[in-house]
Amino acid sequence: MTPWDKAKIWSEFLSSIRTFFLKRGFIEVNTPCIARWWSLDLNICPIKTQDGYFLQTSPEFFMKKLIMFGAKKIFQIAHAFRDDPIDRLHNKEFLILEWYRVGEGIDLIMKDVEDLVYETLGKFKPSWKKLSLKDLFLQRLEIDLEKNKDKNRFLKSLKKAGIRVKNEYSWEELFECAFITEIEPYLPKNEAFWLTDYPYPLSAASKCNGFWSTRYEAYVEGIELANGYMELDDPEEQLKRWLQRGCESEIDWEYISLLKRKGLPPCAGIALGLERLLMLKVGAKNIHDILPFSPSLESEVS
């Protein structure tokens with residue numbers, strides 16, 4: 001297909017996404033792609049400009065500011081940027097579909113995802129099953145994550161389970177290493193399901209119940225498609241997480257100030273990778289096959 005052929009496919013696809021949300025009473029919004037701050041998520045590498053700005057890794061905090069000023073049901077199709085290695089499922093620039101529901105729980109957000117995927121792919125009818133990370137670690141590694149909150153104890157338990165890890169790894173890196181080598185390869189490859197029970201160190205900006213967060217991730221045919229949760233509304237906890245993860249100059253202080261002065265109403269939100277959803281829809285092997293212009297396809301286009 002030529003870049004124009006692919007552009008026409010994208011046009012029809014994005015039109016169907018917008019129709020899905022507009023029919024359900026959502027309002028489409030548009031927020032900046034560049035700011036002095038970034039999300040400070042440990043698993044994300046931002047792209048920084050020479051004069052100190054960051055290309056936004058997601059529209060999350062701009063959209064939650066809109067909620068503080070009265071938005072109720074909003075969605076956005078946003079260009080996002082991350083300094084990840086380019087591979088089958090990653091590109092440095094991509095389209096995020098992100099949406100929020102105010103005054104409603106994560107269950108309705110999960111239902112949105114299931115309905116959207118079923119409507120787009122014509123398979124994986126709701127409701128999807130849930131797989132608990134807490135249970136998976138117990139079953140495959142005999143490790144109780146909650147009893148391994150301490151980094152050194154977690155390190156010792158993983159070595160005993162045969163996982164090759166380094167002493168200098170952080171708790172999050174230890175988890176990631178165990179997940180990639182011993183959990184993810186054994187997840188279902190031909191189904192759609194939710195991964196649940198993410199521990200506190202991986203809670204991002206989600207509310208937590210003790211050690212466990214309200215974070216959910218959607219997997220479809222072995223591909224991580226969406227990540228959502230009940231939104232954290234405690235300014236002190238939000239600031240604590242950001243201070244643990246980054247430089248003070250890279251924190252969104254306006255968000256912290258608004259969180260203290262106006263507060264964030266109870267809400268849930270999620271981000272979904274549109275390249276991955278379109279890849280599943282057309283049966284492509286990787287996201288670059290469906291991009292009109294991709295770094296991995298430059299030679300073919302020229």
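## Cavities, a helix and a buried aspartate

By class, the residues that line the largest cavity comprise 4 nonpolar, 1 polar and 3 charged residues. The structure is a predicted model, and the count of cavities of 30 Å³ or more in it comes to 2. The largest cavity holds about 50 Å³ of space, and its lining consists of Asp41, Leu42, Asn43, Pro201, Leu202, Ala204, Arg215 and Arg245. The second largest cavity, with about 40 Å³ of space, is lined by Thr31, Pro32, Cys33, Gln56, Ser58, Pro59, Gln76, Ala78 and His79. By class, that second lining has 4 nonpolar and 5 polar residues, and no charged residues. The table sets out the two cavities.

| Cavity | Volume | Lining by class |
|---|---|---|
| Largest cavity | about 50 Å³ | 4 nonpolar, 1 polar, 3 charged residues |
| Second largest cavity | about 40 Å³ | 4 nonpolar, 5 polar, no charged residues |

The helix α1 covers residues 3-23, and because a helix is expected to advance 1.5 Å a residue, its 21 residues should span 30 Å, which agrees with the 30 Å that separates its end C-alpha atoms. Within α1, the residues Lys6, Trp10, Phe13, Leu14, Ile17, Phe20 and Phe21 are buried. These buried residues cover an arc of only 110° around the axis, so they lie on the same side of α1. Such a pattern can be read against the general geometry of an α-helix, which has 3.6 residues a turn, so that residues three or four places apart point the same way.

What covers the buried residues of α1 includes the strands β5 (73-81) and β6 (93-102), together with the helices α3 (106-121) and α9 (274-282). On the face of α1 that is turned away from its buried side, by contrast, there are the exposed residues Trp4, Glu12 and Lys23. Just after α1, glycine 25 takes a positive phi of about 85°.

Another position to look at is aspartate 252, which is placed in the loop between α7 (235-245) and α8 (253-261). Aspartate 252 has a relative accessibility of 2%, and because buried means under 20%, this residue counts as buried. When its neighbours within four places in sequence are left aside, aspartate 252 is in contact with Trp37, Phe61, Lys65 and Trp242.

Note on methods
Residues are numbered from 1 along each chain as its sequence is written. This is a predicted model: local features need pLDDT of at least 70, side-chain atom pairs count only at pLDDT 80 or more; totals for chains, interfaces and linings use all residues. Side-chain values use heavy atoms; hydrogens and water are left out. Helices (H or I, at least four residues) and strands (E, at least two) are DSSP runs, numbered from the N terminus. The expected span of a helix is 1.5 Å times one less than its number of residues. Buried means under 20% relative accessible area, exposed over 50%, partly exposed in between (1.4 Å probe, protein chains only). The arc is that of the directions from the helix axis to the C-beta atoms. Contact means heavy atoms within 4.5 Å. On a 1 Å grid over the protein atoms alone, a cavity is a set of points where a 1.4 Å probe fits but cannot get out, and a pocket is an open set with protein on both sides within 12 Å along at least five of seven lines; lining residues have an atom within 4 Å of a point. Grid points are joined across faces, edges and corners, and a volume is the space filled by probe spheres set on the points. Ala, Val, Leu, Ile, Met, Phe, Trp, Tyr, Cys and Pro count as nonpolar, Asp, Glu, Lys and Arg as charged, and the others, Gly among them, as polar.
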